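Grab a pencil and open the viewer. Here are some exercises to work through at your own pace, each with a solution right below the task.

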Amino acid sequence: KMLGRKRTLLLVLLALVLLAEFTCIEAKKKKKSKAKPVEEKKEDSAPKEQKEEKKHEKKPWSKMTKEDWERLENEPADEDDVVKPPEPPKATFDPSNPTAFMKAGKKGKPAMLFATLKGNLDKKATEDMSFKWKNLMSTAALDATPYVLENSKILWTVMDGAKGYELIDFCMSQPETEVVEWDQQKYFPEHWTKTD
């Protein structure tokens with residue numbers, strides 16, 4: 001029941017955000033329409049392709065066809081929105097130090113890992129532990145964000161995946177850690193050796 005309520009709440013919030021965005025767009029269109037006499041002269045000199053794009057923009061949602069939706073899905077809104085494939089890591093693979101290669105591959109990409117704590121801590125105790133760890137990490141210039149998922153389980157996120165190894169090192173050095181999971185691999189403190 002609780003999960004269903006959360007989903008419903010998220011859907012309502014999403015609908016409100018979309019409604020606010022739509023209202024903002026409509027307000028911008030009204031402002032542009034007031035200044036339209038000057039813009040109409042510019043439109044006449046514009047190429048036909050640009051005119052067609054403007055016609056597509058003004059089409060109401062209720063009259064959109066399947067082809068219109070596919071066209072919108074396939075064309076980027078801005079040139080900055082074009083998806084570029086990730087670049088391969090710039091480090092060469094050294095069999096004696098594979099961690100350096102893995103760090104290079106994760107650099108600049110967000111990462112998340114799960115830390116499970118020893119014992120059966122309640123949610124409040126888990127939140128307290130995550131707050132304590134976050135403060136300790138910030139003194140070491142490690143910027144990680146904790147999210148308490150359930151009793152004794154914390155989701156940690158970092159914006160630079162290369163920092164994920166530092167985060168694992170930190171979690172493994174804490175006596176409360178039972179297991180850390182990152183990229184579907186589980187790490188246990190008793191088998192962990194600190195990364196370079």
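**Exercise 1: Where to be careful**

Over which residues does pLDDT stay under 50, and how many contacts beyond four places in sequence does the model have for them?

*Solution.* Start by remembering that this is a predicted model. Now look along the chain for the low scores: pLDDT stays under 50 over residues 38-43. For that stretch, the model has three contacts beyond four places in sequence. Where pLDDT is low, the predicted coordinates should not be read in detail. For the wider picture, the protein chain has an average pLDDT of 75, and 73% of the residues score at least 70.

**Exercise 2: Two faces of a strand**

Work out which side chains of strand 1 (residues 111-117) are buried.

*Solution.* Step one: walk along the strand and notice that its side chains alternate. Step two: sort them by face. A111, L113, A115 and L117 point to one face and are buried. M112, F114 and T116 point to the other face, and these three are not buried.

Step three: take a closer look at F114. K153 lies over the face of its ring, 5.5 Å from the ring centre.

**Exercise 3: Who pairs with whom?**

Find the strands that pair with strand 1, then follow the pairing on to strand 5.

*Solution.* Begin with strand 3 (residues 153-158), which pairs with strand 1 in the antiparallel sense over six bridges. One position to check is M112, which stands opposite T157.

Next comes strand 4 (residues 177-182). Strand 4 is also antiparallel to strand 1, with four bridges between them. Here F114 has E181 as its bridge partner, and A115 has V180.

Now use V180 as your stepping stone. In strand 5 its bridge partner is Y187, and strands 4 and 5 pair in the antiparallel sense over three bridges. The hairpin they make has two residues between the strands.

**Exercise 4: Inside the core**

Which residues of the largest nonpolar core touch the most other members, and which element gives the largest share of this core?

*Solution.* The core has 21 residues, and W133, M137, W156 and L167 touch the most other members. Now ask where the core residues come from: strand 1, helix 6 (123-139), strand 3, helix 7 (164-173) and strand 4 each supply at least two. The largest share, six residues, comes from helix 7.

Then check how helix 7 sits in the fold. Eight of its ten residues are buried, so helix 7 is largely enclosed by the rest of the structure. Among the buried ones are Y165, L167, I168 and F170. In soluble globular proteins, nonpolar side chains tend to be buried together.

**Exercise 5: Ring meets ring**

How many aromatic pairs are there, and are W133 and F170 stacked or edge-to-face?

*Solution.* The count comes to three aromatic pairs. For W133 and F170, the ring centres are 5.9 Å apart and the planes are at 85°, making the pair edge-to-face. W133 belongs to helix 6 and F170 to helix 7, 37 residues apart, and the pair links these distant parts of the chain. Both rings belong to buried residues: W133 has a relative accessible area of 0%, and F170 has 15%.

Now try Y165 and W182. Their ring centres are 4.8 Å apart and their planes meet at 70°, so this pair is edge-to-face too. Y165 is in helix 7 and W182 in strand 4, so the pair ties together parts that are 17 residues apart in sequence. Y165 is buried at 6% relative accessibility, and W182 is buried at 3%.

To finish, look for a cluster: W133, W156 and F170 form one together.

**Exercise 6: Unusual backbone angles**

Find where A141 and Q184 lie, and decide whether each is buried or exposed.

*Solution.* First, some background: most residues other than glycine have a negative phi. A141 is not a glycine, yet its phi is positive, about 60°. A141 lies in the loop between helix 6 and strand 2 (145-150), and with a relative accessible area of 63% it is exposed.

Q184 isn't a glycine either, and its phi is also positive, about 60°. You'll find Q184 in the loop between strand 4 and strand 5 (185-187), where it counts as exposed at 72% relative accessibility. In the hairpin of those two strands, D183 takes a positive phi as well, near 55°.

Terms used
Residues numbered from 1 in each chain as written. Predicted model: local features only at pLDDT ≥ 70, side-chain atom pairs only at ≥ 80, totals over all residues. Heavy atoms only, no water. Buried < 20%, exposed > 50% of the residue type's maximum accessible area, 1.4 Å probe, protein only. Pairing = 2+ DSSP bridges. Core = buried A, V, L, I, M, F, W, Y, C linked by side-chain atoms within 4.5 Å. Phe/Tyr/Trp six-rings, centres within 6.5 Å; stacked < 30°, edge-to-face > 60°. Lys NZ or Arg CZ within 6 Å of the ring centre and 35° of its normal. pLDDT = per-residue confidence, 0-100. Contact = heavy atoms within 4.5 Å.
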